[in-house]
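Trainee: I would be grateful for a close look at one part of this model, namely the surroundings of the ligand and the sheet to which they belong. Please take the contacts in turn and then describe the strands.

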Amino acid sequence: MAQRVLGTEDLFGGYMRAWQHMTDVARELFGAYGFDAIETPAIEQVDTFVHGIGESTDVVRKEMFRVFSGSLLPEMLERGTESHLKARQRMAMRPEGTAGVVRAAVEHNFVPQGGAPAKLWYAEAMFRGERPKKGRLRQFHQVGLEWIGASDPAADAECIIVLMEYFKRLGFDPDKLHLVINSMGDAACRPAYREAVRQFILDHADEMCEDCIERAELNPLRAFDCKNDHCREVMEAAPKVSDALCDDCRAHYAQVKRYLDEAGISYTEDPTLVRGLDYYTRTVFEVEVEGAGVGAIGGGGRYDGLMELEGGKPTPGIGFAVGFERIYLALQSLGVDLAGEEPGCVYVACMPDQRQAAFSATLALRQAGLRTEADYQGRSLKAQFKQANRLGARICVVLGSDEVAAGVATVRDMETHDQVQVPLSELAEQVASRL
Ligand code: AMP
């Protein structure tokens, strides 16, 4: 039997409805905040991710699914290297949404010099070669938004406000959500802080794991996130970014907090929150759900250097992404059903000799916009009623020979079992008025 790839899932039934609901809520809410939908390709040139996310991040070093066309693969395997390939021949499945959206913003000049910000949202599958476990997949789905061209702290605060509102609209109890924020500094103050953390790791090298020692050179701030508990304990004594911020970053962060306070959004500050991708500057944030045990359900931050890294003009930006699968699990653990009810339908049942009339009635109901089902297997009326119940039909239209001869149909309410006869010429209106 053919099987799906490890760490991937099929979306169908209630799970699919849940994903669609998440997308619908995003469209409505983000639309009200002025965001337009965007979809970028699932494959990008590797450089788009390397430049943006950062060469030293786990996502780029270990987790990207690389794509080679069938015609290049044999030669590549034979040579054992891809160094001869052109940049456009080196591709990867997107591990996250921001780099691709920013690449598109640069390519299509979404934010011309002095122009208004570009506000975009997406709902897409992402791909990371992680070890699969509960809430961690290799193909997963994110809803996210990107606000490119806005440097004001109000944009940071509004991004967080819309994120928290999104969770609320999906059914989370705001009291169970735990928002953590931090400022990671910028090009002016982060290099010195990074150096201080590097030095701290080297000074404590005998107490830390191999990975952290490697991180000291590549990406020292990632040591705060080490999976090894002991490393994290050691890092508790490391210099804090809050003590290293330059005046501009400090003022920006203070203003973001004032806006959040005014909006009544509660948060915890965590100076060790560094997020996994290199492009973040200044404000970063993450949201966890109390007691859900699925890790962060969403996070984001400011990325003022990313447009330049992708070859554009210096342009600030901020955004977030939330993971569908983790939100689904978290809501399930809180007893909230994101899938909602199966949509009700109208069922057209007929006697075997009335297939033609059933065909016309089904057509008319569907053209009137009603979700309509019928029998296509020539089953008995009894079997058709059973099927109508299984499908959750709220109304059943019954077409017998006498009814059709008289130009009417029986319309039966499946809950109350009331039934009336209505003229076939008025069928759609009569059914719609009873739904
Ligand atoms: P990140 O881009 O790593 O900040 O991820 C943003 C959100 O996407 C996380 O908070 C998760 O909800 C979700 N996410 C990230 N990686 C995975 C994964 N491998 N499987 C499922 N969801 C994920």
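Mentor: A polar contact is a pair of N or O atoms within 3.5 Å. The model is a predicted one, and the distances below are to be read with that in mind. By this cut-off, R128 makes a polar contact with the ligand, since one of its polar side-chain atoms lies 2.9 Å from a ligand oxygen atom. The backbone takes part as well: a polar backbone atom of L137 is 2.8 Å from a nitrogen atom of the ligand, and a polar backbone atom of A296 is 3.0 Å from an oxygen atom of the ligand. On its own the ligand has 480 Å² of accessible area, and the protein covers 91% of it.

The elements that each give two or more residues to the shell around the ligand are strand 6 (139-148), strand 10 (296-302) and strand 11 (317-323). Of the elements, strand 10 gives the most, with three residues. In total, 14 residues surround the ligand, and those that come nearest are R128, E130, L137, Q142 and R275. Sorted by class, the shell holds five nonpolar, four polar and five charged residues.

Let us turn to the sheet. Strands 6, 11 and 10 appear consecutively in an open sheet of eight strands, whose order is 1-5-6-11-10-9-7-8 and whose pairing is mixed. The edges are formed by strand 1 (36-37) and strand 8 (268-269); each has a single partner strand, so one side of each is left without a neighbour in the sheet. In general, the strands of a sheet pair through backbone hydrogen bonds, in either a parallel or an antiparallel manner. Strand 5 (residues 118-127) is joined to strand 6 by ten bridges in the antiparallel sense. Within this pair, K119 has W147 of strand 6 as its bridge partner.

For context, the model also contains an open sheet of five strands with mixed pairing, in the order 13-12-14-15-16. Here strand 13 (372-374) and strand 16 (419-423) stand at the edges with a single partner strand each, so one side of each lacks a neighbour in the sheet. On average, neighbouring strands of this five-stranded sheet are turned by 25° against each other, direction ignored. Strand 15 (residues 408-413) and strand 16 run antiparallel and are joined by five bridges, with V411 standing opposite V420 of strand 16.

How values were computed
Residues numbered from 1 in each chain as written. Predicted model: local features only at pLDDT ≥ 70, side-chain atom pairs only at ≥ 80, totals over all residues. Heavy atoms only, no water. Near = heavy atom within 4 Å. Polar contact = N/O pair within 3.5 Å; in protein donor to acceptor, adjacent residues only side chain to side chain. Areas by Shrake-Rupley, 256 points an atom, 1.4 Å probe, with all protein chains shown as cover. Helix = DSSP H or I, 4+ residues; strand = E, 2+ residues; numbered from the N terminus. Nonpolar A, V, L, I, M, F, W, Y, C, P; charged D, E, K, R; others polar. Pairing = 2+ DSSP bridges. Axes fitted to C-alpha atoms, helices over the stretch in contact; angles between N-to-C directions.
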